[in-house]
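I'm opening a fresh page for this one. My plan is to poke around, look things up one by one, and jot down what turns up.

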Amino acid sequence: MTRMITFSQAINEALQLAMRKDENVILMGEDVAGGAEVDHLQDEEAWGGVMGVTAGLVQEFGRDRILDTPISEAGYIGAAVTTAATGMRPVAELMFNDFIGSCLDEVMNQGAKLRYMFGGKAKVPLTIRTMHGAGFRAAAQHSQSLYGMFTAIPGIKVVVPSTPYDAKGLLLAAIEDDDPVVFFEDKTLYNVKGEVPEGYYTIPLGQGEIKRPGSDLTIVGIGKQVQTALTAAEQLVKKGIEAEVVDPRSLSPLDESIILDSIMKTNRLIIVDEANPRCSIATDISAMAADKGFDYLDAPIKMITAPHCPVPFSPALEDIYLPTPDKILKVVSEMIEDDSIVKL
Amino acid sequence: MKISEEMVQGITSEKAKWMYQKMCEIRMFEDRVHELFGQGLLPGFIHLYAGEEAVAVGVCAHLDDKDSITSTHRGHGHCIAKGCELDGMMAELYGKATGLCNGKGGSMHIADVEKGMLGANGIVGGGFPLATGAGLTAKLKKTGAVAVCFFGDGAGNHGTFHEGINLAAIWNLPVVFVAENNGYAEATPFEYASSCTNIADRAEAYNIPGEVVDGKDVTAVFDAAQRAVERARKGEGPSLIECKTYRNYGHFEGDAQKYKTSEDKKSHVEELDALKTFRDYLIRQELVTEVDLDEMERSVKEAVEKSVKFAEESPLPTAADLTKDVYVSYETPERGEQ
Ligand SMILES: Cc1ncc(C[n+]2csc(CCOP(=O)(O)OP(=O)(O)O)c2C)c(N)n1
Ligand SMILES: [Mg+2]
């Protein structure tokens with residue numbers, strides 16, 4: 001049965017199903033249960049994660065499988081690499097992706113490379129769930145979108161869901177996957193609702209989805225920016241322009257053909273990504289499209305991204321930092337040389 | 001409360017007034033921020049320092065503008081104790097252009113380098129090496145300055161604790177590491193997360209002095225910090241002070257705090273309150289008169305209200321500010337039209 005639940009509930013449900021299915025699946029992270037060894041709480045959780053995403057799981061699975069950790073990212077993320085390599089299937093939470101600074105070695109030099117360095121004789125079925133995204137007034141060290149950085153590292157898979165349905169299916173696929181996967185959750189999406197089936201299902205990593213078909217131009221959105229693209233696409237309809245919105249869903253592996261097939265049809269490509277623009281997933285997709293789809297293109301590829309600056313705190317600045325439907329309309333109008341579009 | 005029955009060396013009448021004033025500023029600022037946040041007027045994450053005033057004030061009482069401090073996500077108290085202006089602080093929390101960081105940082109990155117306040121920090125454990133670096137400058141330039149690292153009990157479990165303190169110890173740097181052990185890191189108790197009875201016990205491993213003090217007693221903090229700061233200024237190296245304390249509010253605004261017991265909460269907020277006990281001490285020791293204390297409280301309340309008004313009336317930053325100050329200089333040659 002399908003019903004409307006939030007992005008956060010979809011993730012919670014995926015974790016619950018994965019833990020029921022496989023006893024090797026454990027969760028670890030700061031306050032993923034909360035209130036460890038607080039007598040009066042007994043098994044009732046204090047927090048269930050800083051945003052409540054893992055709430056309720058400790059009651060069902062107990063503290064042996066839901067491990068609250070000290071603020072020791074290098075310690076527990078590093079440990080998760082080898083619990084994975086030695087027979088467990090851990091889901092470690094890195095509360096904010098910005099905190100990767102505290103444990104990059106464990107992810108980049110250990111987890112990502114073990115298998116290759118050992119000649120294929122190890123596997124690291126580790127999932128790292130982490131929060132990203134601006135728009136929460138959380139300032140420069142709690143708002144970044146660092147999936148591009150992980151995508152650049154061979155040995156790591158990277159997933160960025162944009163809907164509750166995708167979040168559940170992709171998280172279950174990530175946990176089933178035998179390689180390290182970093183699973184990005186946009187903090188501003190947690191309360192967004194969508195249709196999600198009740199049971200266990202997976203969405204293959206590396207398979208994008210057309211979120212809206214169209215024939216006039218292709219807009220690739222990353223994570224929450226899929227929604228920005230969809231909003232812009234609705235407004236473009238009034239001008240008789242049909243935009244196709246493509247959601248790659250995972251960035252590594254990247255579904256190149258869904259993007260190339262789309263631009264083969266539309267001949268125009270815009271990439272909307274809220275991460276910083278240099279050496280980013282936006283430049284990566286642009287390069288791929290220019291390399292493999294140059295002949296399909298009738299206009300230069302355009303990227304709508306954050307500027308080359310950290311995320312500002314002030315709402316007045318953060319709002320202009322992020323991509324918006326208006327910014328997309330402006331670029332489309334330049335691309336199609338019709339000024340009336342911006343005024344829609 | 002075992003706040004010193006005797007006069008504490010160094011707490012002169014003038015010093016005492018400064019200390020009580022700063023403690024009031026912190027308490028009233030935080031209580032007001034709590035209200036403003038509740039009314040939906042402040043964006044973002046806010047972590048309040050109320051309850052822990054004695055730590056920041058007892059330590060900063062020994063510092064001046066040339067000394068540096070590194071702070072935490074719970075940074076308003078450190079700012080105030082280090083001399084930051086309330087107007088600029090409040091404006092920063094509102095994200096206004098007149099804020100201490102021009103609205104770029106907010107509560108979690110509030111800073112005032114001219115006052116030696118090297119920033120609140122969004123990264124737990126971020127402060128250890130940063131304080132060590134400021135201590136290195138002081139040593140190399142022979143400024144006589146010290147650097148103080150305030151950190152939480154949770155931060156003590158981050159790897160940077162070891163690296164920062166060990167480095168300061170082998171280089172004999174003028175740094176004071178001040179643990180604010182309020183019993184919890186978010187909802188995780190210190191006892192669960194730390195395999196030590198006291199954070200200060202770890203000092204022994206670095207061959208530096210370590211001391212546990214009642215962090216609700218500003219005279220006790222003052223006393224311990226006096227020794228540590230003097231030692232640092234004399235070139236004898238770093239120290240570690242652990243202040244046992246309690247945060248009156250939740251981890252951040254909106255935390256239901258189910259992990260706390262109501263008895264603890266009641267006793268800390270009502271009986272062991274750091275302001276109340278210091279006030280009693282000052283009257284008992286005849287260091288400040290009740291009339292003066294009342295007058296100070298009144299004027300601080302006014303100053304806090306003034307800061308709110310200042311913040312509310314201040315302009316927001318504008319689009320041109322967005323990409324300003326990423327670098328000191330950064331030239332991208334414009335490509336001419338062809
Ligand atoms: C590297 C890092 N990990 C996790 C967090 C999330 N976080 C913010 S504050 C906090 C608890 C800090 O506890 P403590 O050091 O005891 O300071 P307190 O909040 O009690 O003042 C955590 C886990 C963070 N900001 N940075
Ligand atoms: Mg604490």
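**Entry 1: a tyrosine to begin with.** I started at B:Tyr184, which has 13% relative accessibility and so counts as buried. A reminder to myself before going on: this is a predicted model.

**Entry 2: the magnesium ion.** B:Tyr184 led me to the magnesium ion (ligand 2), since its O atom is one of the protein donors there. B:Asp153 gives an OD atom and B:Asn182 its OD1, and the donors lie 2.0 to 2.1 Å from the ion. I wrote down the spacing of these donors along the chain as D-x28-N-x1-Y. I checked B:Asn182 as well: at 6% relative accessibility, under the 20% cut-off, it counts as buried.

**Entry 3: ligand 1.** Which residues are closest to ligand 1? I found A:Glu73, B:His73, B:Arg74, B:Gly122 and B:Asn182, out of 22 residues that surround ligand 1. So B:Asn182, a donor to the magnesium ion, turns up here again. Residues from chains A and B surround ligand 1, so I noted the site as shared between chains.

Next I went through some polar contacts of ligand 1:

- The side chain of B:Asn182 has an N or O atom 2.8 Å from an oxygen atom of ligand 1.
- B:Ala155 uses a backbone N or O atom, 2.9 Å from an oxygen atom of ligand 1.
- B:Glu186 has a side-chain N or O atom 3.4 Å from a nitrogen atom of ligand 1.

How much of ligand 1 does the protein cover? I got 97% of the 580 Å² of accessible area that ligand 1 has on its own.

**Entry 4: a strand in chain A.** I moved on to β10(A), residues 217-221. Is this strand enclosed or open? Five of its five residues are buried, so the rest of the structure largely encloses it. In a regular strand, side chains alternate between the two faces of the sheet. Here I see A:Leu217, A:Ile219 and A:Gly221 pointing one way, with A:Thr218 and A:Val220 pointing the other.

Then I looked for the partners of β10(A). One is β11(A), residues 243-247, which runs parallel to β10(A) and is joined to it by four bridges. Within that pairing, A:Ile219 has A:Val245 as its bridge partner. The chain gets from β10(A) to β11(A) through helix α8 (residues 225-237), and this β-α-β crossover is right-handed. β10(A) also pairs with β13(A), residues 269-272, in the parallel sense over four bridges. There, A:Thr218 has A:Leu269 as its bridge partner.

**Entry 5: backbone oddities.** Most residues other than glycine have a negative phi, and most peptide bonds are trans. I went hunting for exceptions.

- A:Ser252 and A:Pro253 are joined by a cis peptide bond, with omega about 0°. A:Pro253 sits in the loop between β12 (250-252) and α9 (256-266) of chain A.
- B:Gln257 is not a glycine, yet its phi is positive, near 55°. I placed B:Gln257 in the loop between β7 (239-244) and α9 (262-271) of chain B, and it is buried, with a relative accessible area of 14%.
- B:Asp325 has a positive phi too, about 70°. B:Asp325 lies in the segment after α11 (290-313) of chain B, and it is exposed, with a relative accessible area of 57%.

**Entry 6: one distance.** Last, I looked up A:Ala36, in the loop between β2 (25-29) and α2 (57-61) of chain A. A:Ala36 counts as buried at 2% relative accessibility. From A:Ala36 to A:Asp216 I noted 180 residues in sequence and 55 Å in space, C-alpha to C-alpha.

Definitions and conventions
Residues are numbered from 1 along each chain as its sequence is written. Chains are lettered from A and ligands numbered from 1 in the order in which they are written. This is a predicted model: local features need pLDDT of at least 70, side-chain atom pairs count only at pLDDT 80 or more; totals for chains, interfaces and linings use all residues. Side-chain values use heavy atoms; hydrogens and water are left out. Buried means under 20% relative accessible area, exposed over 50%, partly exposed in between (1.4 Å probe, protein chains only). Helices (H or I, at least four residues) and strands (E, at least two) are DSSP runs, numbered from the N terminus. Two strands pair if DSSP finds at least two bridges between them. A crossover is right-handed if, with the strands pointing away from the viewer, the path from the first strand over the helix to the second runs clockwise. Donors are N, O and S atoms within 2.8 Å of the metal (3.2 Å for Na, K and Ca); water is not among the atoms, so sites may look incomplete. A residue is near a molecule or strand if one of its heavy atoms lies within 4 Å of it. A polar contact is a pair of N or O atoms within 3.5 Å; within protein, one must be able to donate a hydrogen and the other to accept it, and residues adjacent in sequence count only if both atoms are side-chain atoms. Accessible areas come from the Shrake-Rupley method with a 1.4 Å probe; for residues, only the protein chains shown count as cover.
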